[in-house]
Amino acid sequence: NFRDCRTNQLNTTFIKILQKHLDITKGKKICLLSHMRLHILNSINQEKPLDWSQDEYFCNPQNQDIINFREWTFKNNWKNTGLMNLSTSKMAEAGLLRYDCFPLFPGKDLNVEEGGEYQDATYCIYCNKIIGSWQLHDDPMWEHYKCCNGGDCYFFQTLHSQDIIHRLQTRFSEWKAENDTELANAADYSEMLSVHLSRMEESLTKNGGARKTSSRQRKSLIF
């Protein structure tokens with residue numbers, strides 16, 4: 001019941017809802033989505049960076065269940081499904097999840113930059129980078145590697161194929177040699193989520209506060 005979890009702080013409310021969901025389903029197969037989102041919100045609330053290497057479920061980005069989970073986030077919500085190199089499996093294998101408007105409207109794009117939307121935005125929970133505006137011939141693994149400044153991401157630290165790592169390192173060195181300008185910083189997922197939560201809080205306050213949220217809005221929260 002959403003009413004049982006509501007507090008004055010929206011972030012804390014969402015944390016309580018997610019924790020209650022996990023408590024109710026305890027003993028069953030873990031809901032990876034709720035587990036992940038709970039940890040992300042807790043890190044924002046505590047203003048501490050997340051260390052997924054210590055997490056029970058997400059400590060191994062190459063685990064098949066985690067790869068399947070990443071691919072699942074693209075289900076019915078990915079316009080590039082018909083492109084082999086940008087397929088849901090390729091995105092998942094590259095360590096990327098589909099980006100959405102969590103916590104309110106899963107599957108709908110959030111304004112990543114003021115004045116524009118990323119219709120195909122993705123992100124990595126390990127380096128927190130958001131990657132969007134995919135082009136026809138883009139390589140997800142390379143774009144992820146380049147976006148996190150040459151593999152500065154736990155995902156690449158756990159990648160089993162040294163051949164892939166070597167090719168990415170070589171390509172990045174060549175790319176840097178050919179480009180004089182510094183690599184532009186990608187949007188940070190946790191920062192964008194924090195901004196989004198603040199905007200939601202302001203909007204709810206203007207409309208009479210979180211406690212007056214309509215029943216229709218409540219049903220759309222989180223799940």
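How much accessible surface does the protein chain have, and what share of it belongs to carbon and sulfur atoms? In this predicted model, the accessible surface comes to about 12,800 Å², and carbon and sulfur atoms account for 46% of that area. The chain has 223 residues, 48% of which are buried. Its secondary structure consists of 10 helices and three strands. Read from the N terminus, the order of elements is α-α-α-α-α-β-β-β-α-α-α-α-α. Contacts across the sequence are well represented: of those between residues at least 6 apart, 59% join residues at least 24 apart.

The interior is a good place to look next. The largest nonpolar core contains 53 residues, and those with the most contacts inside it are Met36, Phe58, Tyr123, Ile125, Tyr126, Cys153 and Phe156. At least two residues of this core come from each of α2 (10–24), α3 (32–46), α4 (64–72), β3, α6, α7, α8 and α9 (189–206). The largest share, seven residues, is supplied by α3. For tyrosine 123, setting aside neighbours within four places in sequence, the contact partners are Met36, Gly95, Leu96, Leu97, Arg98, Tyr99, Lys129, Ile130 and Tyr189. Two residues in this list, Met36 and Tyr189, fall within the ranges of α3 and α9, respectively.

Helix α2 can be followed residue by residue. Its 15 residues reach 21 Å from the first C-alpha to the last, close to the 21 Å expected at 1.5 Å a residue. The buried positions of this helix are Leu10, Asn11, Thr13, Phe14, Ile15, Ile17, Leu18 and Leu22. For reading such a pattern, it helps that an α-helix has 3.6 residues a turn, so residues three or four places apart point the same way. Leu10, Phe14, Ile17 and Leu18 are among the buried residues of α2.

Aromatic rings offer another view of the packing. A search of the whole structure finds 14 aromatic pairs. In one of them, tyrosine 126 and tyrosine 154 are tilted, with 5.7 Å from centre to centre and 50° between the planes. This pair ties together parts that are 28 residues apart in sequence, because tyrosine 126 lies in the loop between β2 (122–123) and β3, whereas tyrosine 154 belongs to helix α7 (residues 154–157). Tyrosine 126 counts as buried because its relative accessibility is 13%, while tyrosine 154, at 22%, counts as partly exposed. Another pair, tyrosine 145 and phenylalanine 172, is edge-to-face, at 5.9 Å centre to centre and 80° between the planes. Here the link runs from helix α6, home of tyrosine 145, to helix α8 (residues 162–178), which holds phenylalanine 172, across 27 residues. Both partners are buried: tyrosine 145 has a relative accessible area of 5%, and phenylalanine 172 has a relative accessibility of 10%. Tyr126 and Tyr154 also belong to one aromatic cluster, together with Trp52, Phe58, Phe69 and Trp72.

A last stop is glutamine 135, in the loop between β3 (130–131) and α6 (140–147). Is this residue buried, exposed or partly exposed? Its relative accessibility is 49%, so glutamine 135 counts as partly exposed; the cut-off for exposed is over 50%. The side chain of glutamine 135 reaches the backbone oxygen of serine 133 at 3.2 Å. Along the chain, glutamine 135 and asparagine 80 are 55 residues apart, yet their C-alpha atoms are separated by 9.6 Å.

Key. Residues numbered from 1 in each chain as written. Predicted model: local features only at pLDDT ≥ 70, side-chain atom pairs only at ≥ 80, totals over all residues. Heavy atoms only, no water. Helix = DSSP H or I, 4+ residues; strand = E, 2+ residues; numbered from the N terminus. Buried < 20%, exposed > 50% of the residue type's maximum accessible area, 1.4 Å probe, protein only. Polar contact = N/O pair within 3.5 Å; in protein donor to acceptor, adjacent residues only side chain to side chain. Phe/Tyr/Trp six-rings, centres within 6.5 Å; stacked < 30°, edge-to-face > 60°. Contact = heavy atoms within 4.5 Å. Areas by Shrake-Rupley, 256 points an atom, 1.4 Å probe, with all protein chains shown as cover. Core = buried A, V, L, I, M, F, W, Y, C linked by side-chain atoms within 4.5 Å. Expected span 1.5 Å × (residues − 1).
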